[in-house]
Amino acid sequence: MIGKNRILRTSALGILLATFSLTALVYMEMIERWMMQWFMVLKPGAFITDLWQSPSLDITVDLYIFNWTNSESVSDPTVKPRFEELGPYRFTERMQKVNVQWHDHNSTVSYMRRSRFDFDPEHSAGRPSDPIVAPNLLMVGIYQKMLFWSPMVRSLILMALSFYGKEHTMVRRAGDWLFDGFEAPLIMMTKLVPPSLVPEVDFPYEKIGYGYPRNGSMEIYGHHNVYTGQDDFKKLGQIARWRYNNVTEASPRCLLKGSAGEFHPIPLVKGKPISYFLPDLCRELQVDYFGTTIFEGVEAYVYRGSARNFANGTENPENKCYCQENCQEVRSGLMNISSCWYGAPVFASYPHFFKADPYYREQVEGMKPDKDRHEMVVILEPKTGMLLEIKARIMASLLVEPKHISFYRNARKTFFPLIWADYNVHITDGLLGYVKLIPIVEKLGMICCILGTTLGVLMVFWYPYQLFWQKRLMHKIEIHDLETSRISVDPTKTNGVEDSPLLNGLQYVGVKEGEGCAH
């Protein structure tokens, strides 16, 4: 006989198992989200924090420089500037976050970013020794800034330019334009003037160059402060402060927004754009949702750069606050980042003015927009927001305008393309392996919940079921025994008397006694 205590214990355990498994199955998505939050929140010593500080990503940067091939015709407004694209000059980037400090009172973490760029000659079409002709970026920038200086400072600078600023072009090696940088006489002269006396001409570096001093320096990217997600998980990895402020000097009316690069609010929502805060642009840049894809066996969301992302404030009101006061609004397709380039009239766009107003391409020769080569593409894993692949492609152009005080007084108003970068980031195989485990773990969890629910129900009804059939079997046995007993004593059965052992015995005894009397 099965003990009652065993039945009670087994049923109680079954109820607990079934309830727990069924609850986990119903709230599976919520449990996954909670576990994801627990795993991804930035905190000292965590596995995700180690990946964040030293990203496990393959990063390559292909740089293309535009060589001005007809610079001798700069004073002829009927001749369009002609450019030849040289490159790629490929570099591998090793990125690291240093001077990490945690701020528990507002759930943020601060750091400085250091990147090291190493030239990869095997995958480069150009060489650092290639001569590059470009417009005199320094002179154009100074003439632009002079418009807002006092007459006295302007006179001093014009006097200096009469000695050091006569050339309308700068011819330097590609390596100098990229990360090495090069000295300029005008910069050396400004270093002789105390910044307190003439703060307008203060320049923070000894050299100039498109990529100088990014290689190995922490200054150019500035101090970052991002949310850890501890207080509000939706803010994980979002920029809180840059260079110790929640706005930039370039756009003091625009609060900082966007991801610092590693994290996005999860789970990602179909149809909603993502955004990045880019120190090179001193502002946020949105990338629009495009659709879904399968990336090396992983379901992923695809985001592509659109014309809206670089539209002016008239066509895209979200960009309106980035161009105010002395900012020069231009046709859609270019973004004014002058204040991020120390006042030089530099504008950002997609390479070769891709998706920009046709006006820009018509100004110059040599532009060949190509969707496959020039479109920005971002691929993310939707549950974690983890970066699987990015192809960030951005070009910098210099606005040259005719001014009566400069050597470009007879030139036509033109946006001169300078350089564009193809920034490629690809998740490593090791980290991709962890991402591929996510759907496997989800399926295993669901299977375990279903099995747990089924096992729990079986445990609840197993012993009652056994008792039920045991009682039914015993009842059948009792009925069979009763019927057998009734048959054995029924006098109406003819063969019952004849076959009775007792009667047979009595008959035998009677026969014997009769035989004795006869003698």
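# Close-up views of a predicted model

**View 1. Strand β13 has buried residues on both sides.** Val-377 and Ile-379 point one way from strand β13 (residues 377-380), Val-378 and Leu-380 point the other way, and all are buried. The model shown here and in every view is predicted. In a regular strand the side chains alternate between the two faces of the sheet. β13 runs antiparallel to β10, and four bridges join them. Here Ile-379 of β13 is the bridge partner of Val-302. β13 also pairs with strand β14 (residues 387-400), again antiparallel and over four bridges. In β14, Glu-389 is the bridge partner of Ile-379. Six residues separate β13 and β14 in their hairpin. In that turn, Gly-385 has a positive phi of about 70 degrees.

**View 2. Two hairpins involve strand β9.** Strand β8 (residues 274-278) and strand β9 (residues 283-295) run antiparallel, joined by five bridges. Leu-278 stands opposite Arg-283 in β9. The hairpin of β8 and β9 has four residues between the strands. Cys-282, in this turn, has a positive phi of about 60 degrees. β9 is then joined to β10 by seven bridges, and the two run antiparallel. Ile-294 stands opposite Glu-299 in β10. The hairpin of β9 and β10 has two residues between the strands. Glu-296 in this hairpin takes a positive phi near 50 degrees.

**View 3. Lys-97 is a buried lysine in a polar contact with Glu-262.** Lys-97 is found in strand β2 (residues 83-103). Is Lys-97 buried or exposed? Its relative accessibility is 4%, so Lys-97 counts as buried. The side chains of Lys-97 and Glu-262 are joined by a polar contact of 2.5 Å. Beyond residues up to four places away in sequence, Lys-97 touches Trp-52, Gln-53, Pro-55, Tyr-111, Met-112 and Glu-262.

**View 4. Tyr-205 and Tyr-212 form an edge-to-face pair.** The structure holds 23 aromatic pairs. In the pair of Tyr-205 and Tyr-212, the ring centres are 6.3 Å apart and the planes stand at 85 degrees, so the pair is edge-to-face. Tyr-205 counts as buried because its relative accessibility is 10%. Tyr-212 has a relative accessible area of 22%, so Tyr-212 is partly exposed.

**View 5. Tyr-360 and Phe-415 pair across the sequence.** The ring centres of Tyr-360 and Phe-415 lie 5.2 Å apart, with planes at 85 degrees, so this pair is edge-to-face. Tyr-360 lies in helix α8 (residues 358-363) and Phe-415 in strand β15 (residues 414-427), so the pair ties together parts that are 55 residues apart in sequence. Both Tyr-360 and Phe-415 are buried. They belong to one aromatic cluster with Phe-347, Phe-353 and Tyr-359.

**View 6. Two arginines sit over tyrosine rings.** Arg-331 lies over the face of Tyr-359, at 4.0 Å from the ring centre. Arg-373 places its charged end over the ring of Tyr-64, 5.4 Å from its centre. Arg-331 also serves as a reference for Thr-314: their C-alpha atoms are separated by 9.3 Å and they are 17 residues apart along the chain. Thr-314 is found in the loop between β10 (298-304) and β11 (335-336). With a relative accessibility of 69%, Thr-314 counts as exposed.

**View 7. Helix α4 is mostly covered.** Nine of the ten residues of helix α4 (residues 137-146) are buried. The buried set is Leu-137, Leu-138, Met-139, Val-140, Gly-141, Ile-142, Tyr-143, Gln-144 and Met-146. An α-helix has 3.6 residues a turn, so residues three or four places apart point the same way.

**View 8. The largest nonpolar core has 109 residues.** Which of its residues touch the most other members? They are Ile-65, Ile-142, Phe-353 and Val-378. β14 gives the largest share of this core, nine residues. Setting aside neighbours within four places in sequence, Phe-353 is in contact with Leu-334, Tyr-360, Arg-361, Val-364, Met-367, Met-395, Ser-397 and Phe-415. A second, separate core has twelve residues, including Val-377, Ile-379, Met-386 and Leu-432.

How values were computed:
Residues numbered from 1 in each chain as written. Predicted model: local features only at pLDDT ≥ 70, side-chain atom pairs only at ≥ 80, totals over all residues. Heavy atoms only, no water. Buried < 20%, exposed > 50% of the residue type's maximum accessible area, 1.4 Å probe, protein only. Polar contact = N/O pair within 3.5 Å; in protein donor to acceptor, adjacent residues only side chain to side chain. Contact = heavy atoms within 4.5 Å. Pairing = 2+ DSSP bridges. Phe/Tyr/Trp six-rings, centres within 6.5 Å; stacked < 30°, edge-to-face > 60°. Lys NZ or Arg CZ within 6 Å of the ring centre and 35° of its normal. Core = buried A, V, L, I, M, F, W, Y, C linked by side-chain atoms within 4.5 Å.
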